[in-house]
Amino acid sequence: MSIEVKNVTKIYSNQKALDNVSFVVNPGEIVGFLGPNGAGKSTMMKIITCFIPQTEGQIKVCGFDVTEQPIDVKRHVGYLPEHNPLYLDMYVKEYLDFTAGVYKISNKKERIKEMIEMVGLTIEQNKKIGALSKGYRQRVGLAQAMIHNPDVLILDEPTTGLDPNQLEEIRNLIKQIGKEKTIMLSTHIMQEVDAICDRTIIINKGKIVADDLTKDLHNIKSNAIVLIVEFDKEVNKSQLEKIDGVLNVLNKTSNTWFLEITSDNIRNNIYQFAMQNELTVLTIQKETQSLESVFKNLTK
Ligand code: ADP
Ligand code: MG
């Protein structure tokens with residue numbers, strides 16, 4: 001597993017920014033972390049990259065624990081922070097040289113040249129960062145995040161504030177990089193995960209709302225009845241889809257599923273399915289508004 005987040009809670013003085021969050025990111029995935037402003041995206045990313053500690057729970061990156069092995073974690077993870085606080089007075093190469101020094105990279109010059117080519121900075125490489133457009137600044141940020149060749153990249157809202165052309169270019173660059181690295185990127189825009197990510201984790205008010213294939217998120221029907229069903233063990237999505245009366249299935253968290261159903265009286269079918277498959281239904285709840293309203297909010 002590239003990233004393993006288990007029951008993580010973060011409390012800032014008196015505010016709960018993350019509430020019992022769990023998910024995994026597998027090697028090679030490009031996962032979207034989608035949620036409205038204030039949902040807890042940046043907080044989660046700062047914890048994964050060892051910038052701030054969690055209040056509770058456990059996180060591993062490439063098998064290393066963020067609390068116990070922060071140096072190993074930092075060696076394996078590259079981070080593009082939200083407001084990409086680049087030093088505007090520094091020259092592009094000077095800044096990358098500085099970053100390469102922090103990571104004690106031996107063949108600095110060569111590596112900086114490689115990075116400049118990889119992120120498409122060649123024509124701007126001799127400028128000061130302050131003289132670059134937002135799109136090119138993001139390229140510098142990406143080069144900085146990858147200079148030590150990490151396996152995992154954490155990109156916090158990497159395309160916010162870009163114009164449509166820059167947006168397209170940075171999206172393509174991220175997809176290109178994603179062929180070789182594991183990427184988790186945050187955004188508050190649904191179209192963004194559609195364009196880049198196979199899988200999307202939706203977070204709202206510090207809680208995971210859904211975690212499934214991006215294309216399946218669009219199957220949510222606004223007026224269907226939705227049940228939240230929690231089993232004691234893992235269940236296969238295709239099995240759940242076969243239950244009579246179930247229209248659509250969406251993963252919430254590991255053993256918890258959203259089932260869109262035709263009518264309330266299919267609950268018995270669910271219990272029967274569980275018995276046949278030696279599962280226990282821990283809870284069945286009717287979904288009131290969170291999924292739909294969150295989703296509407298993100299797609300408008
Ligand atoms: P997002 O990145 O999804 O917009 P954040 O992780 O930045 O969300 O913030 C989640 C919540 O935590 C917000 O309500 C925010 O106001 C609060 N928060 C973030 N950072 C701090 C901090 N340093 N001190 C207190 N509250 C914070
Ligand atoms: Mg943020």
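## Y12 and its surroundings

Y12 is part of strand 1, which covers residues 3-12. This is a predicted model. The relative accessible area of Y12 is 31%. That makes Y12 partly exposed, because the class lies between the 20% limit for buried and the 50% limit for exposed.

Beyond residues up to four places away in sequence, Y12 touches A17, T43 and I52. T43 is 31 residues from Y12 along the chain, and their C-alpha atoms are separated by 9.9 Å. The side chains of Y12 and T43 are joined by a polar contact of 2.8 Å.

## Two domains

The domain assignment splits the chain into domain 1 (3-217) and domain 2 (225-295). Their C-alpha centres lie 33 Å apart. In the contact between them, 10 residues of domain 1 meet 10 residues of domain 2.

The size of an interface is often given as the accessible area lost when the parts come together. Here domain 1 and domain 2 bury about 920 Å² between them. Carbon and sulfur atoms account for 61% of that area.

## Polar links between the domains

The count of salt bridges between domain 1 and domain 2 is 2. D212 pairs with K237 in a salt bridge, with the closest N and O atoms 2.9 Å apart. Across the interface of domain 1 and domain 2, 5 residue pairs are in polar contact, with both residues at pLDDT 80 or more.

Which elements give two or more residues to the side of domain 1 that touches domain 2? They are strand 9 (199-204), strand 10 (207-213) and helix 8 (214-217). Strand 10 gives the largest share of that side, 5 residues.

## Nonpolar cores

The largest nonpolar core has 46 residues. Those with the most contacts inside this core are L96, V140, L155, I183 and L185. Helix 5 (residues 134-146) supplies the largest share, 6 residues. Domain 1 (3-217) and domain 2 (225-295) both give residues to this core, so the core lies between them.

L155 has contacts with M45, L80, L142, I174, I183, M184, L185 and S186, leaving aside neighbours within four places in sequence. A second core is separate and has 27 residues. Among them are M44, I48, V77 and I154.

## Salt bridges

Side chains of opposite charge can pair when their charged atoms come close. The whole structure holds 16 salt bridges. One of them joins the side chains of D72 and R75, at 3.5 Å from N to O. D72 and R75 are 3 residues apart in helix 2 (residues 70-76), so about one helical turn separates them. D72 is partly exposed at 23% relative accessibility, whereas R75 is exposed at 51%.

R139 forms a salt bridge with E169, and the closest N and O atoms are 2.7 Å apart. R139 sits in helix 5 and E169 in helix 6 (residues 164-178), so this pair ties together parts that are 30 residues apart in sequence. R139 is buried, with a relative accessible area of 9%. E169 is partly exposed, with a relative accessible area of 41%.

Helix 6 also holds R171. R171 forms a salt bridge with E192, the closest N and O atoms being 2.8 Å apart. E192 lies in helix 7 (residues 190-196), so the pair ties together parts that are 21 residues apart in sequence. Are these two partners, E192 and R171, buried or exposed? E192 is buried, at 2% relative accessibility. R171 is buried as well, at 14%. Both values count as buried because they are under 20%.

Salt bridges that share partners also form a network, which joins D212, K215, D216 and K237.

Terms used: Residues numbered from 1 in each chain as written. Chains lettered and ligands numbered in written order. Predicted model: local features only at pLDDT ≥ 70, side-chain atom pairs only at ≥ 80, totals over all residues. Heavy atoms only, no water. Core = buried A, V, L, I, M, F, W, Y, C linked by side-chain atoms within 4.5 Å. Buried < 20%, exposed > 50% of the residue type's maximum accessible area, 1.4 Å probe, protein only. Helix = DSSP H or I, 4+ residues; strand = E, 2+ residues; numbered from the N terminus. Domains from an automatic or database assignment. Contact = heavy atoms within 4.5 Å. Buried area = accessible area lost by both parts, 1.4 Å probe. Salt bridge = Lys/Arg side-chain N within 4 Å of Asp/Glu carboxyl O. Polar contact = N/O pair within 3.5 Å; in protein donor to acceptor, adjacent residues only side chain to side chain.
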